[in-house]
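Biologist: Got a minute to walk me through this one? I'd like to look at a strand, then a helix, then a single residue.

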Amino acid sequence: MRTGIATVCLAGTLREKMQACAVAGFNGIEIFEQDLVTSPLSPEDVRKLAADLGLTLDLYQPFRDFDSVPEDLLAANLRRAEAKFRLMSRLGMDTMLLCSNVGTATIDDDELRSAQLSRLADLAGDHGVKVAYEALAWGKYVSDYEHAHRLVGMVDHPNLGTCLDSFHILSRDWDTAPIEAFNPEKIFFVQVADAPKLSMDVLSWSRHYRVFPGEGQFDLAKFMGHVVRAGYTGPVSLEVFNDVFRQSDVERTAVDAMRSLIWLEEQSARWLEANPAPAACGVTGTAGGATGAASRRRYPMELATLPRVAEPAGFNFAEVRAGDSAGLETLLGQLGFAFNGRHRTKNVQLWTMGHARVIINEEPAAGAAAPGAFGSAAPGAAISALGFDVDSPVIAAARAQQLKAPAVPRKSQANEEVFQGFAAPDSTEIFLCQGSSDGTAAWVGEFGEPHESGEELAHPVPGAGPVPGAGAAAGAVIDHVNLAQPWQHFDEAVLFYTSALALEPQPYAEVASPTGLVRSQVMITEDRGVRLVLNLAPLLQQEAAAGTDPSGSGHRRTYQEHVAFAVDDLVGTARAARDRGLDFLQIPANYYEDLDARFALDPEFLATLRELNLLYDRDADGEFLHFYTATVGSVFFEMVERRGAYDGYGAPNAPVRHAVQYDHLHQLTRTS
C-alpha cells in the first residue's frame, strides 16, 4: 500500500513537514495550498526537496467553489484553475483535488455541473493534469460520494475522476459497499481520517476533531476493504484537521501518523479475510471461494500485515522510580507487601504481595537515565515501566518495532532475564515478559532475600515481613494501572496501546476535578487480565507538572498516577494496613452521607467504610470496594476488591479522590 499524508496534518514550515514525513517513512505527500503560499521555497525548490527526500508529490489541494455557478463566474474559475495547473507543472505534480462547491453554488443542475466539469477536464488535459472530484459532506448541492461519482461518469473524461475521503463518507453514515462497483480507473485518490463520534455540525467536526486511523470510532477497515476490492492501487493518504496535531512536535506527529496507516493496512487485510467477497464478484478465483491471505493477494493493492500476537495475559510487574525510596518502602510495607531483596547487579528492590510485583528503581538521577527495565530513574517517585505477560515476547516486540515504537534495551548480565522493551508515547517503558501459567516470574530469582544480599531496608516498616502465605495477600494481583498523558499525545497513546499491545479502547469518560475535567480512557484485554487507564489531565495540572505555575502561587503541582492492586478481603487488608500506620487518603464525612442516601447500606457496614476511609460502588453486576494511599512524589496506590462481576473502577468516587488529593496538596503547600 502506497502511503501519503497531507501537509495540513502537521505543524511547522513546509520544509519541516516534508523532512518529518520522509523520516517517518511516508511514500508521498499532498501539498496543501496554504503551506506552499506561505513558504519561502519556490515550486522548483519544493520539487527538488521532495526528490532528495524520496517523496512523491501526489496531490495539490484544495481547489474550491468551481461548479454550479453562472457562466461569468465559471470563466473566472477556469482562469484560476489554469494558473494552478501551471503551478503544478513547476512542482512536477499531476493530480489536483477539486471540492464540491460550498460557497458560490447557485444552480442545482447536474447537466450544468457535468458540462462545467467537462470544461475543467479539457483544460486539465491540455496541461497534463488530472482532477479528483470530492463530495464534501457539507457541499451545497453535491455532498454524497455516489453523486460525485455519477457526475464523473456523466463527464466521461480521462482527466476527471473522483476522490474518496473517509471522513466525508463515514461522518454522514453513507454505505461504503457501493465503492466496490466503481471503475478503479476513475478513483483518482483516497484520503482517510478517523474521528470520535460527536453530536455537532459536520463542518466544525471536520475542521477540528479529525484524528489518525485507530484514534477515533469510524470503521475504516471496512471502508478500505471496499476500496481494495474495487481495484484501487493509488496512494492511501491521511487528511486530518486537528488543533492538537498542529501544535505538536512535527516529527513525532508524523511517526504517529505513519503508525496509524500501518495499523489500518493490517486491519483492512483482516477485514478482507473475515469478509470474503462473494464468488460472483470474480475476486475469489476458486470454485469454492478462497479466503485468507490467498484471497487477499488477488487484489491489485497488496496489504502488508504485522506479526500476529495474542493480547497480554496480565501485568508482570510495575516499576516506580525514586531517587529517595524511603517513602515508597514505607508505603508498600504498610500495605502488606514484602521486601524480597535487591537485584544482584542493579540498584533496584523487589516488593511482592501474592502475584503483584513492584520494582523500586533507585538508580541515581544524575546524568542520562540508564535505559531498560530496572534501569531508568529521576528525582521524585513516578511510574517508570510496566511489564506484561505475553506468549512470545520476541514476536510481540517485532510487531511493536514495525509500528514505529522506539526500542528500549535492558542491560543484562549472564543468567539474567532478557526483556524485550519499547517506549510508550508518554515515555513509560513497556517490557514484554514470558508469561507462566501459575503467575510466577523467572526473573524474581535475580533478587536475593534481604539476609542474602547483606542489606536491610534503610527504613524498616513495623509489621512488614516475608510474604504471607495465606489470606487476602495470597491472591493479590495488579488490577489496573492509571497513567497520566500529556495533552499533545493522548490520541497517540490510545493508538499505540491498541496497535502494539492489542488492548481494546472503551468509551471514554470525563471526571470532574478541582482544576477541570479529566478525560479518562480505559484500555483492556478481553478477559480483563490487563486494565490500563489513560488520563488526560487538565492543562493547568500538566503545565504545573512541567514546572510552570500559571496560578502564580509559586509551588509546583504534579498530576498523580497510580497502581491498583486487587485483594480478596479489602476490609481485612485495610485494618492490617491501619495497624501498620498507613496514611490513608482521608475521605470527607459528606461522602458517606451521600453513599447512605444512594445505596441504603447496612449501618454496620457503612460504619466500617467510614472508619477505614473505604469507598464503595455498586451496579447490577456486583460491588466494588477500594481505598487510596497518600501520594509519594507523583505516585499513590489503590487497593480494590471486586465482588460479583463488577467491571468498573468506582467512577462515581473519582471526583472525591481528585478533590481530596487537591486539598491535601494545597494544605502541604500552605504549611511549607
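**Around strand β4**

Modeller: Sure. Keep in mind that this is a predicted model. A good way in is strand β3 (residues 56-63), which pairs with β4 in the parallel sense over 2 bridges.

Biologist: Which residue of β4 is the bridge partner of Y60?

Modeller: That's M96.

Biologist: And what links up with β4 besides β3? How many bridges does β4 make with strand β5?

Modeller: β4 and β5 (residues 130-134) pair over 5 bridges, in the parallel sense. One place to look is T95, whose bridge partner in β5 is K130.

Biologist: Which helices sit in the β-α-β units there?

Modeller: Helix α4 (residues 71-91) goes with β3 and β4 in a right-handed unit. Helix α5 (residues 110-126) goes with β4 and β5, and that unit is right-handed as well.

Biologist: Is β4 mostly covered or mostly open?

Modeller: Mostly covered: 5 of its 5 residues, 95-99, are buried.

Biologist: What about the two faces of β4, which residues are on each?

Modeller: T95, L97 and C99 are on one side, M96 and L98 are on the other, and all of them are buried. In a regular strand, side chains alternate between the two faces of the sheet.

Biologist: OK, switching to helix α3. Which of its residues are buried?

Modeller: α3 covers residues 43-53, and P43, V46, L49 and A50 are buried. They sit on the same side of α3, because they cover an arc of only 125° around the axis.

Biologist: Why would residues spaced like that point the same way?

Modeller: An α-helix has 3.6 residues a turn, so residues three or four places apart point the same way.

Biologist: What do the buried residues of α3 pack against?

Modeller: They pack against α1 (14-24), β2 (28-32), α2 (33-37), β3 and α4.

Biologist: And which exposed residues are on the face turned away from that?

Modeller: K48, A51 and D52.

Biologist: What comes right after α3?

Modeller: G54 follows α3, and the phi of G54 is positive, near 75°.

Biologist: Last one: E265. Where is that?

Modeller: E265 lies in helix α10, residues 250-274.

Biologist: Buried or exposed? I'd like the reasoning too.

Modeller: E265 counts as buried because its relative accessible area is 9%, and the cut-off for buried is under 20%.

Biologist: Which residues does E265 touch?

Modeller: Leaving out residues up to four places away in sequence, E265 touches M1, E302, L303 and A304.

Definitions and conventions: Residues numbered from 1 in each chain as written. Predicted model: local features only at pLDDT ≥ 70, side-chain atom pairs only at ≥ 80, totals over all residues. Heavy atoms only, no water. Helix = DSSP H or I, 4+ residues; strand = E, 2+ residues; numbered from the N terminus. Buried < 20%, exposed > 50% of the residue type's maximum accessible area, 1.4 Å probe, protein only. Contact = heavy atoms within 4.5 Å. Pairing = 2+ DSSP bridges. Right-handed = clockwise from strand over helix to strand, strands pointing away. Arc of directions from axis to C-beta.
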